[in-house]
Amino acid sequence: MKDSFFALRSSANIPCSTLALLAIMPLAAQQNISSEWSKSFPPHKVIGNVYFVGSVDLGSYLITTPEGHILINTDFEETVPVIRAGVEKLGFKFTDIKIILGSHAHDDHMEGDAMVKELTGGRVMVMEQDIPALKKMMPGGKKHPIDHVLHDGDDVKLGGSKLTAHLTAGHTKGCTTWSMKATEAGKTYDVVIVCSVGWNPGYVLVNNKDYPQIANDYVRSFVTLRKLPCDIFLGAHGSFYDLDAKYVELLKGGANPFLDHAGYLAYIDLKEKQFYAELDRQKNDSKP
């Protein structure tokens with residue numbers, strides 16, 4: 001169950017009927033989903049100074065530099081200890097995190113921003129279009145920290161590393177795909193951490209009064225993703241890039257399994273096909 005009920009809590013385009021249905025989901029079932037996503041996954045080096053420090057299916061990434069580190073996706077608050085343990089197991093200090101970034105304004109990716117900021121003092125940087133949703137994300141009543149506002153194409157620099165924020169809206173209004181270059185064994189590789197071009201149950205793609213341009217945003221996002229050079233394909237969820245299978249291959253040694261330009265294009269092709277099928281279905285359903 002990807003981009004689940006927990007993400008739906010932050011979505012402004014979910015019909016009341018859908019929210020009402022989700023509201024009666026047994027609490028134990030809700031907690032099971034959250035607990036499953038918060039189970040630890042072996043932290044590991046992806047390439048160069050890029051490391052995976054997330055959970056079973058929540059993609060969190062540590063970009064290490066001589067001047068401190070960048071964390072992409074704090075996930076749920078309950079996942080923060082998993083991320084911290086992963087960072088420390090790799091031999092880095094969690095308190096050396098200087099910049100906190102996110103994929104999009106859903107709880108399962110950015111709920112932990114305030115907690116990580118409290119623990120590290122890192123600066124939280126967010127895409128402008130996601131600010132309204134983030135301001136509603138207040139676990140335990142804590143205000144969501146916003147130290148710097150990002151715009152499409154902005155660069156985030158630290159210790160010789162540069163990440164570029166690409167607005168790939170649709171899944172949320174400020175959905176942010178990150179790209180950077182990583183160097184290993186004298187070679188430079190293009191790394192892309194895809195936000196998401198999927199949708200949750202109840203997303204309204206046609207006549208959405210809260211997000212009128214949602215369908216057009218998805219279309220533009222597919223175009224944007226296709227233009228990005230990509231050697232290393234990563235994502236907000238490990239399932240986007242088949243993390244489980246690739247990690248098994250990583251343990252065997254040999255060629256880096258995360259080098260997957262073909263898989264990146266296949267992911268875009270699949271999600272675009274699914275998007276247009278869903279869009280056509282909703283258009284037909286809305287006809288009198």
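This is a short chat about strands, a pocket, a disulfide and aromatic pairs in a predicted model.

User: Before we start, what kind of model is this?
Analyst: It is a predicted model, in which local features need pLDDT of at least 70, side-chain atom pairs count only at pLDDT 80 or more, and totals for chains, interfaces and linings use all residues. Residues are numbered from 1 along each chain as its sequence is written, and side-chain values use heavy atoms, with hydrogens and water left out.

User: OK, β9 then. Which strands does β8 join up with?
Analyst: Strand β8 (residues 155-158) is joined to β9 by four bridges, and the two run antiparallel. Strands here are DSSP runs of E with at least two residues, helices are runs of H or I with at least four, and both are numbered from the N terminus. Two strands pair if DSSP finds at least two bridges between them. Lys 157 stands opposite Lys 162 in β9.

User: What sits in the turn between β8 and β9?
Analyst: The two strands form a hairpin with two residues between them, and Gly 159 in the turn has a positive phi of about 55 degrees.

User: And how many bridges join β9 to β10?
Analyst: Five, again with the strands antiparallel. Leu 163 stands opposite Met 180 in β10.

User: How many bridges between β10 and β11?
Analyst: Seven, in the antiparallel sense. Thr 183 has Thr 188 in β11 as its bridge partner. β10 and β11 also form a hairpin with two residues between them, where Ala 185 in the turn has a positive phi of about 50 degrees.

User: Is β9 buried or exposed?
Analyst: Five of the seven residues of β9 are buried, so the strand is largely enclosed by the rest of the structure. Buried means under 20% relative accessible area, exposed means over 50%, and partly exposed is in between, using a 1.4 Å probe and protein chains only.

User: Switching to pockets. How much space lies in the second largest pocket?
Analyst: About 170 Å³. A pocket is an open set of points on a 1 Å grid over the protein atoms alone, where a 1.4 Å probe fits, with protein on both sides within 12 Å along at least five of seven lines; lining residues have an atom within 4 Å of a point. Grid points are joined across faces, edges and corners, and the volume is the space filled by probe spheres set on the points.

User: Which strands supply the lining of that pocket?
Analyst: β9 (161-167), β10 (176-184) and β11 (187-194) each supply at least two residues of the lining. Among the lining residues are Lys 162, Met 180, Lys 181, Asp 190 and Leu 228.

User: What classes of residue make up that lining?
Analyst: Five nonpolar, four polar and three charged residues. Ala, Val, Leu, Ile, Met, Phe, Trp, Tyr, Cys and Pro count as nonpolar, Asp, Glu, Lys and Arg as charged, and the others, Gly among them, as polar.

User: Which cysteines form a disulfide?
Analyst: Cys 175 and Cys 195, with their sulfur atoms 1.8 Å apart. The rule is a pair of cysteine sulfur atoms within 2.5 Å, and the count comes to one disulfide.

User: What is the handedness of the disulfide, and what does the pair tie together?
Analyst: The torsion about the S-S bond of Cys 175 and Cys 195 is about -100 degrees, so the disulfide is left-handed. Cys 175 lies in the loop between β9 and β10 and Cys 195 in the loop between β11 and α8 (214-227), so the pair ties together parts that are 20 residues apart in sequence.

User: Are those two buried or exposed?
Analyst: Cys 175 and Cys 195 are both buried. Cys 230 is buried too, with a relative accessible area of 3%.

User: Last topic. How many aromatic pairs does the structure hold?
Analyst: It holds 14. Trp 199 and Tyr 218 have ring centres 6.3 Å apart and planes at 90 degrees, so that pair is edge-to-face. Rings of Phe, Tyr and Trp (its six-membered ring) pair if their centres lie within 6.5 Å; planes under 30 degrees apart count as stacked, over 60 as edge-to-face and the rest as tilted.

User: Is Tyr 218 buried or exposed?
Analyst: Tyr 218 counts as buried, at 0% relative accessibility, while Trp 199 is partly exposed at 21%.

User: Which residues do ring pairs link into a cluster?
Analyst: Phe 233, Phe 240, Tyr 241, Phe 258, Tyr 264 and Tyr 267.
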